[in-house]
Amino acid sequence: MARAVVTLPAQARRGEIIEIKTLAAHPMETGFRRTQLGELIPRDIIRRFVCTYNGTEVFRVDLHPAVAANPLIAFTTVATESGTIAFQWVGDNGYSVTETASIRVE
Amino acid sequence: MTTRREFLVLAAASFAAPTAAKAQLDPNQQALRRTAMQEALRRVVGDAPVRRGRVKLELPPLIDNGNSVPLSVAVESPMTAADHVKAIHVFTEKNPLPDVVSVTLGPRAGRAGLSTRVRLADTQTVLAVAQLSDGSFWSDSADVVVTLSACLEEGLI
């Protein structure tokens, strides 16, 4: 159910700026919509996205209901060393997804 | 039996209804939300001056569907340990909540920027503010026209 996709180059030169695209499958329910019976649909969003490179945090985003469903976050980082890049999405109702990717730096 | 006159009145009414649903936010709401954005901005920058420039906010000027609008922010910065962008915030003027995204980053990001997709409730101004490592704030804004609101089903709350 909880799924996420991450795209980044598998290898890079040392010091190169690489582009990372992430996409999480999530409805991002705003908490402002109502059902046909007029009941408010409770908020259910991803609140935070964190990217860590070999354990060091490099990029963090706080999300609000104004982010569209299936949030896309595209950003850059510097390829410093070979290792793993981890991505974590945390949200309402205990939502938590972690994705990792490995990168080879020459 | 429906007379010709009754039919014409009904037909006219059914054409009129959708135009009413497209109405803009009422002025009171607009003022409240503008105040909310100013407060959200003050929470981030405090009393520091916000200058224009260095930030580039890109949004399509005309948006058919406010439910998913591509937005990208880029900040001019060498992104070194001594001179980098610490945070980027995006605010809207007329959404139910002023905050959109808040980004925390540092020299490890390489370039200061992000691309995402947002919801926009109305024709409005979107504001991006960047905080630099020397404590200064820079901003850029974009005016967008939204034809289908992201919150249309409950009549522009």
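The following questions and answers concern a predicted model of two chains, A and B.

Q: How many helices and how many strands does chain A have?
A: Read along the sequence, chain A follows the pattern β-β-β-β-β-β-β-β. Its C-alpha trace spans about 60 × 20 × 20 Å along the principal axes. The count for chain A is therefore zero helices and eight strands.

Q: What percentage of the residues of chain B count as buried?
A: Chain B has two helices and nine strands, in the order α-α-β-β-β-β-β-β-β-β-β. Among its contacts with a separation of 6 or more, 69% are between residues 24 or more positions apart. Of the 157 residues of chain B, the buried share is 35%.

Q: Which element gives the most to the side of chain B that touches chain A?
A: The contact takes 25 residues from chain A and 28 residues from chain B. On the chain B side, β6 (99–105) and β7 (112–118) each supply at least two residues. With seven residues, the element that gives the most is β6(B).

Q: How do the residues on the side of chain B that touches chain A divide into nonpolar, polar and charged?
A: This side belongs to a contact with 28 residues from chain B. Its residues divide into eleven nonpolar, ten polar and seven charged.

Q: Which residue of β6(B) stands opposite A:R60?
A: Strand β5 (residues 56–63) of chain A is joined to β6(B) by five bridges, and the two strands run antiparallel. Within β6(B), the residue opposite A:R60 is B:T104.

Q: What should helix α2 of chain B span, given its 19 residues?
A: The helix covers residues 27–45, and the expected span takes 1.5 Å a residue. Its end C-alpha atoms are 27 Å apart, which agrees with the expected span of 27 Å.

Q: Why do the buried residues of α2(B) line one face of the helix?
A: The buried residues in α2(B) are B:R33, B:M37 and B:A40. They pack against β5 (85–92) and β6 of chain B. The face turned away from the buried side carries exposed residues, including B:T35, B:E39 and B:R42. The buried residues line one face because, seen down the helix axis, they fall within an arc of 65°.

Q: Which residue just after α2(B) takes a positive phi?
A: Helix α2 of chain B comprises residues 27–45. Just after this helix, a phi of about 65° is taken by B:G46.

Q: Which residues touch the most other members of the largest nonpolar core?
A: In soluble globular proteins, nonpolar side chains tend to be buried together. The largest nonpolar core here has 57 residues. Not counting residues up to four places away in sequence, B:I88 touches B:V73, B:V75, B:V103, B:A112, B:L114, B:A128 and B:A130. The residues that touch the most other members are B:V73, B:I88, B:A112, B:A128 and B:A130.

Q: Is B:S115 buried, partly exposed or exposed?
A: B:S115 lies in strand β7 of chain B. A buried residue would need 20 or more other C-beta atoms within 10 Å, whereas an exposed one would have 12 or fewer. B:S115 has 16 such neighbours, so it counts as partly exposed.

Q: Which residue of chain A is in contact with B:S115?
A: B:S115 is 57 residues from B:E58 in sequence, with 9.2 Å between their C-alpha atoms. Leaving aside neighbours within four places in sequence, B:S115 is in contact with B:P70 and B:S72 of its own chain. From chain A, the residue in contact with B:S115 is A:A74.

Technical notes. Residues numbered from 1 in each chain as written. Chains lettered and ligands numbered in written order. Predicted model: local features only at pLDDT ≥ 70, side-chain atom pairs only at ≥ 80, totals over all residues. Contact = placed C-beta atoms within 7 Å. Helix = DSSP H or I, 4+ residues; strand = E, 2+ residues; numbered from the N terminus. Nonpolar A, V, L, I, M, F, W, Y, C, P; charged D, E, K, R; others polar. Pairing = 2+ DSSP bridges. Core = buried A, V, L, I, M, F, W, Y, C linked by C-beta atoms within 7 Å. Expected span 1.5 Å × (residues − 1). Arc of directions from axis to C-beta.
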